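Biologist: Got the two-chain model open? I'd like to go through it with you.

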Amino acid sequence: MTRLIQFVFASSVVAAQGVDPTILLNPPADSWPAYHGDYSGRRHSALTQITPQNVAQLGLAWAFQTGQVQQIKCSPLLVDGILYITVTDNVWAVDARSGHQLWHYTYPPNKGFHIGSRGVSMYKDWLYFMTPDAHLICLNASDGTVRWNVIVADSQKGYWTTMSPLIVRNHVIVGVSGDFDNLTGFLKSVDPETGKTQWRWDSTPPAGTPNATTGGMTWMTGTYDPSLNLIYWGTGNPTPVLNGKARPGDDLYTCSIVALNPDTGKLSWSFQPSPHDTHDWDAVETPVLVDANFGGKPRKMLMQTSRNGYFFVLDRTTGESLLTTTFGPVNWSIGVDKKGQPIPNPAKEPASDGRLIAPDEGGLTNYRSPSFDPKTGLFIVDAHPSYGIYFAKPADGSFGWAGADYGVWGKAVLDAIDYQTGKIRWSHELGPNGAGAGVLTTDSGLIFTGDAAGNVLALRTSDGKTLWHSGAGSQMQSSPITYELDGRQYVVTSAGGVLFSWSLPEH
Amino acid sequence: MTSRNRFLIALLAIGSFGNAQSATDQSALAERGAPLFIQQCAFCHGRDAAGGEDGPDLTRSKLVAADAGGDKIAPVIREGRPEKGMPRFSLSDPELAALVAFIHDQKTKAEALVGGRRGVEVADLQTGNAEAGKQYFNGAGKCAACHSPTGDLAGVAKRFEGLKLEERMLYPRGAKAKLTVRLPSGQTITGELAYHDEFTVGLRDSARHYRSWSTSHVKFSIDAPADTHADLLAKYTDDDIHNLMAYLQTLR
């Protein structure tokens with residue numbers, strides 16, 4: 001190759017902007033181009049500049065103030081040196097080297113539920129942003145101007161949206177929220193250029209079907225296996241939420257992990273973490289994809305620490321169960337069936353005089369990301385050992401919540417689970433009530449997460465020992481990311497309405 | 001109406017958002033508060049303010065019942081209750097007024113409903129057996145190791161009832177703990193635990209002064225009697241809880 005051709009080739013790579021969907025298959029170190037960083041959902045980075053030996057020198061590179069009372073709940077994207085972050089109704093583009101704002105997009109006032117925004121997604125030069133009134137907005141990444149705006153679901157009926165869509169080739173795959181009403185959950189694939197619907201998959205029958213459940217919302221970003229061409233998605237709880245009598249049976253496909261073809265939306269297999277849920281335990285926690293040995297045999301696996309307190313390891317080709325175990329106090333089941341699914345104890349359904357349930361409604365973990373560390377084989381999760389009391393009586397009816405529940409006690413613990421046995425190798429106490437922070441691991445043997453008091457922590461992956469911390473003033477309600485720019489590794493975390501970028505001192 | 005009277009009424013309407021306004025003004029205000037409530041509050045408190053994902057039923061809240069024109073509700077919205085997971089909200093006075101009117105309106109509507117509402121009545125929690133509860137208190141539950149029906153729990157059923165009593169019985173949130181710190185000099189300081197994370201401990205001493213230390217610089221111990229309640233959660237049957245409730249309700 002001549003020098004000239006080399007030069008042209010190099011500059012064309014540099015000039016390429018945005019996210020070509022093929023880079024999602026193997027994201028470069030100077031990017032975090034999707035919600036989970038890659039398709040696997042492991043939230044693990046190959047970067048090794050920040051190590052257990054030098055992490056004590058970690059310091060603030062910059063902070064970005066959204067100026068909002070709303071907390072940051074998004075996972076930032078990093079593409080071409082620019083970070084894209086969100087809170088409800090707001091998107092910012094921020095220079096990842098300096099932390100200064102490039103543009104700020106504000107969605108017009110609307111009557112949707114303002115619960116949170118988990119971030120944007122990117123396809124070529126376009127960003128995809130979901131709104132409280134269940135619209136999908138396509139923005140020009142260079143200036144935040146609106147290209148198109150389509151309705152995903154009818155917010156008047158009680159739907160809203162918060163998620164960062166999953167991009168697979170030319171599919172923008174979006175899910176919905178809404179369990180205050182008896183509504184059908186669904187996933188939709190949208191054309192990235194036109195906003196037209198390509199397919200829709202319903203998780204539950206149409207509302208009003210006798211004796212059938214509604215619900216099964218799809219409010220977290222799924223994962224994708226390119227070799228099997230399957231997307232993996234967790235679905236939410238059934239409705240009515242606490243009254244199970246109105247919806248006898250397992251209530252498929254609520255509280256399920258489903259494998260779908262991204263081109264057609266056709267269901268390949270399903271597994272149900274919580275058959276006939278009556279405790280609001282969405283099974284939407286990240287379906288983490290791991291290729292490794294299990295029982296001495298190489299396996300393509302899917303792992304989930306589920307809100308209901310169970311850790312599941314599945315063969316992701318077939319949905320076959322490899323391991324089902326609890327990772328904290330769980331008192332609502334009477335065992336595990338032959339498919340590896342927990343069997344709910346009818347005596348632990350909400351009742352008029354109350355039932356004491358572990359975990360509480362927030363669950364043993366929730367939507368913030370866990371992380372899988374391939375070197376140690378540890379699945380690291382922010383856990384919330386807890387108890388709640390659940391009530392339901394006929395007068396509460398069979399619509400929406402249909403009962404009441406109250407948290408009694410809980411604490412926050414970071415658990416390191418050995419995926420082959422389900423045993424907890426170490427636990428790191430994070431404080432009272434809950435921490436709710438996501439987890440990032442890196443190849444150098446570090447974990448980044450947050451505690452209940454609002455400290456950002458760097459721990460040693462092998463034993464959970466704290467190596468560095470910094471008080472951020474508020475709990476981390478998002479999941480950390482990391483990337484390398486100009487040869488310098490950054491870790492980005494949030495607290496309240498502020499984004500923090502951490503790195504080693506420049507020499 | 002004279003223009004002077006009109007002026008006075010306008011002043012009243014501006015000056016307070018509860019007392020002097022007509023029912024129609026209030027209902028117009030509540031209507032303006034509805035979309036705001038849906039956007040900002042409904043996820044936790046429910047669309048009808050009767051409780052949602054994890055926030056309490058505002059239509060039965062004591063604070064709402066005691067509120068007059070926003071004097072109790074507005075400060076909570078402005079400041080939040082971070083210890084209970086409620087964020088603060090930055091809203092204008094007219095927005096706050098509309099929210100307050102909406103909450104009061106929902107309370108009125110909820111009180112007019114018969115039976116259709118979520119919530120826990122005192123009557124719901126009467127399925128236990130007081131004698132069995134007393135046995136559990138003195139026996140398996142080991143409650144008598146710390147509590148006495150004629151001492152700290154005398155009249156407890158007069159102070160708390162229903163769900164509040166049950167919640168306090170299961171885990172007394174906000175119960176005081178004692179921190180003892182031993183400084184490198186050998187000096188020991190004891191006080192009420194005021195802060196504790198992995199890196200810092202703080203206490204209020206007998207003069208109510210706050211003092212804190214880096215956990216790496218001192219030795220310390222925490223005496224938190226409420227931890228015993230958390231330990232019991234894994235041991236209770238639902239019957240134990242209902243029986244204990246029945247027993248505690250005899251302590252009037």
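Modeller: Sure. One term up front: two strands count as paired if DSSP finds at least two bridges between them. And keep in mind that this is a predicted model.

Biologist: OK, so which residue is the bridge partner of A:D415 in strand 32 of chain A?

Modeller: A:S427 is the bridge partner of A:D415. Strand 31 (residues 404-418) and strand 32 (residues 424-432) of chain A run antiparallel and are joined by 7 bridges.

Biologist: What about the hairpin of those two, how many residues sit between the strands?

Modeller: There are 5 residues between strand 31 and strand 32 of chain A, and in that hairpin A:G422 takes a positive phi near 80°.

Biologist: Which residue has a positive phi although it is not a glycine?

Modeller: A:D486 does, with a phi of about 50°. Most residues other than glycine have a negative phi. You'll find A:D486 in the loop between strand 37 and strand 38 of chain A.

Biologist: What does A:D486 form a salt bridge with?

Modeller: With A:R97, and the closest N and O atoms are 2.7 Å apart. A:R97 sits in the loop between strand 5 (90-95) and strand 6 (101-106) of chain A, while A:D486 is in the one between strand 37 (481-485) and strand 38 (488-495), so the salt bridge ties together parts 389 residues apart in sequence.

Biologist: And how many salt bridges are there over all chains?

Modeller: A search of the whole structure gives 28.

Biologist: Switching to the interface. How many salt bridges are there between chain B and chain A?

Modeller: The count is 3 between chain B and chain A. In one salt bridge the side chain of B:D124 meets that of A:K393, at 2.6 Å from N to O. There are also 14 residue pairs in polar contact between the two chains, with both residues at pLDDT 80 or more.

Biologist: Which parts of chain B supply the side that touches chain A?

Modeller: Helix 2 (23-40), helix 3 (42-45), helix 9 (162-170) and helix 11 (238-248) of chain B each supply at least two residues. By class, that side of chain B has 17 nonpolar, 9 polar and 13 charged residues.

Biologist: How much area do the chains bury between them?

Modeller: Chain B and chain A bury about 3500 Å², with 55% of it on carbon and sulfur atoms. In terms of contacts, 39 residues of chain B meet 44 residues of chain A.

Biologist: Back to strands. In what order do strands 7, 8, 9 and 10 of chain A lie in their sheet?

Modeller: The order is 7-8-9-10, in an open sheet with antiparallel pairing. Strand 7 (121-123) and strand 10 (146-151) of chain A are the edge strands, each pairing on one side only. From one strand to the next, the twist averages 25°.

Biologist: Over how many bridges do strand 8 and strand 9 of chain A pair?

Modeller: Strand 8 (residues 126-130) and strand 9 (residues 135-140) of chain A pair over 5 bridges, in the antiparallel sense. A:F129 stands opposite A:I137 of strand 9 there.

Biologist: And what's the order of strands 21, 22, 23 and 24 of chain A?

Modeller: They form an open antiparallel sheet in the order 21-22-23-24. Strand 21 (288-294) and strand 24 (321-326) of chain A each have a single partner strand, so one side of each has no neighbour in the sheet. The twist there averages 25° from one strand to the next. Strand 22 (residues 297-305) and strand 23 (residues 310-315) of chain A pair antiparallel over 5 bridges, and A:T305 stands opposite A:F311 in strand 23.

Biologist: Last topic: peptide bonds. Is the one from A:A358 to A:P359 cis or trans?

Modeller: That bond is cis, with omega near 0°. A:P359 is in the loop between strand 27 (355-357) and strand 28 (371-373) of chain A.

Biologist: What kind of peptide bond joins A:L252 and A:Y253?

Modeller: A cis one, with omega about -10°. Most peptide bonds are trans. A:Y253 lies in the loop between strand 18 (238-239) and strand 19 (257-260) of chain A.

Conventions. Residues are numbered from 1 along each chain as its sequence is written. Chains are lettered from A and ligands numbered from 1 in the order in which they are written. This is a predicted model: local features need pLDDT of at least 70, side-chain atom pairs count only at pLDDT 80 or more; totals for chains, interfaces and linings use all residues. Side-chain values use heavy atoms; hydrogens and water are left out. Contact means heavy atoms within 4.5 Å. Buried area is the accessible area (1.4 Å probe) that two parts lose on being put together, summed over both. A salt bridge is a side-chain nitrogen of Lys or Arg within 4 Å of a carboxyl oxygen of Asp or Glu. A polar contact is a pair of N or O atoms within 3.5 Å; within protein, one must be able to donate a hydrogen and the other to accept it, and residues adjacent in sequence count only if both atoms are side-chain atoms. Helices (H or I, at least four residues) and strands (E, at least two) are DSSP runs, numbered from the N terminus. Ala, Val, Leu, Ile, Met, Phe, Trp, Tyr, Cys and Pro count as nonpolar, Asp, Glu, Lys and Arg as charged, and the others, Gly among them, as polar. Axes are lines fitted to C-alpha atoms, for helices over the stretch in contact, and angles run from 0 to 180 degrees between N-to-C directions.
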